[in-house]
Amino acid sequence: MRLFTTRRALLPAALLAVALAAPAAADSPRVATLDMTGTGSVTAAPDMAMVRSGVVTQAPTAAEALSANTEAMTSVIARIKDTGVEARDIQTSDFSVVPQYRRVKPNDPIDHSRELVGYQVSNTVTVRVRDLGGLGGLLDAVVRDGANSIDGLSFVVSDADARKDAARKAAMADALRKARLYAEAAGVDLGRVLSISEQDYSPRPQMMMARSAMEGAADAVPLEAGETTLQVRVNVTWELQQ
């Protein structure tokens, strides 16, 4: 009987504590905010290029394919260095040895059995070209010296992050302009900035040449670097004063 009485006595106290806490939470003022996105961009002429080039060989055995590939690739790398590219700007980016199969009965829709016919070895290097004036000659040289795979070519702005500072300022100014417009239309004032976040929307370097076996290349491959657009987007949150 005593235990029952104690529990009944505690129950109203717990309910009273909840009741007292509820108004305190309800009384907390809700901060009105305005979220706005701004964009800014600048253009810059690329001053470097990235080239992926290599050698693909096939042979009945893996050892034969590897030997032929090594010989050709050694010649290609030597030629790249002969054009003035430093060793620090040459990096192996892909190497693979893949067995090659063919269907035993290619015209049989049921029998999909295969047999091993050889091996393919691929070795690719990524080359950073700091002198765009010699890019066409480099491509011609490596193709003539054994490279039969050009994965792609992209142009790069080496100091892109520093150049994007102007785009950052433009993006912030764009966000502020639009925020002031909305605040005025709503009859409120912009308060302090609560948060700023950046999103980098600059396009990644695009490969401009599809993989292909290049035979009979011209003495100087014609190339145009053009301009690259560097874009920044910022998200800004303001507190509103009403």
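**Exercise 1. State which residues of H3 are buried in this predicted model, and what they pack against.**

Solution. Step 1: the buried residues of H3 are Leu-135, Gly-136, Leu-138, Leu-139, Asp-140, Ala-141, Val-142 and Val-143. The model that gives this list is predicted.

Step 2: set the list against the span of the helix. H3 covers residues 135–144, and eight of its 10 residues are buried, which leaves the helix mostly covered.

Step 3: find the partners. The buried residues of H3 pack against two strands that precede the helix in numbering, S2 (48–59) and S4 (114–129), as well as helix H2 (62–82) and strand S5 (149–156).

Step 4: look past the end of the helix. Gly-146 follows H3 and has a positive phi, near 125°.

**Exercise 2. Place H3 in the chain as a whole by giving the order of helices and strands.**

Solution. Step 1: count the elements. The chain has four helices and seven strands.

Step 2: read them along the sequence. The pattern is α-β-β-α-β-β-α-β-α-β-β.

Step 3: add the totals for the chain. Of its 242 residues, 30% count as buried. Among contacts with a separation of 6 or more, 85% join residues 24 or more positions apart.

**Exercise 3. Decide whether Ile-196 is buried or exposed, and list its contacts beyond its sequence neighbours.**

Solution. Step 1: locate the residue. Ile-196 belongs to strand S6, which runs over residues 189–200.

Step 2: apply the cut-off. Ile-196 has a relative accessible area of 53%, and exposed means over 50%; Ile-196 is therefore exposed.

Step 3: list the contacts. With neighbours within four places in sequence left aside, Ile-196 touches Met-172, Asn-235 and Val-236.

Step 4: compare sequence and space. Asp-35 is 161 residues from Ile-196 in sequence, while the C-alpha to C-alpha distance is 9.8 Å.

**Exercise 4. Describe the lining of the second largest pocket by residue class.**

Solution. Step 1: take the volume, which is about 160 Å³ for the second largest pocket.

Step 2: name the lining. It consists of Thr-83, Gly-84, Val-85, Glu-86, Asp-89, Arg-128, Val-129, Arg-130, Asp-131, Gly-134 and Leu-138. Leu-138 is also one of the buried residues of H3.

Step 3: sort by class. The lining holds five charged, three polar and three nonpolar residues.

**Exercise 5. Find how many aromatic pairs the structure has, and where Arg-114 lies relative to Tyr-101.**

Solution. Step 1: search the whole structure for aromatic pairs; the result is zero.

Step 2: turn to the charge. Arg-114 sits over the face of the Tyr-101 ring, 4.4 Å from the ring centre.

Key: Residues numbered from 1 in each chain as written. Predicted model: local features only at pLDDT ≥ 70, side-chain atom pairs only at ≥ 80, totals over all residues. Heavy atoms only, no water. 1 Å grid on protein atoms, 1.4 Å probe; cavity = no way out; pocket = protein on both sides within 12 Å on 5 of 7 lines; lining within 4 Å. Points joined across faces, edges and corners; volume = space filled by probe spheres on them. Nonpolar A, V, L, I, M, F, W, Y, C, P; charged D, E, K, R; others polar. Phe/Tyr/Trp six-rings, centres within 6.5 Å; stacked < 30°, edge-to-face > 60°. Lys NZ or Arg CZ within 6 Å of the ring centre and 35° of its normal. Buried < 20%, exposed > 50% of the residue type's maximum accessible area, 1.4 Å probe, protein only. Contact = heavy atoms within 4.5 Å.
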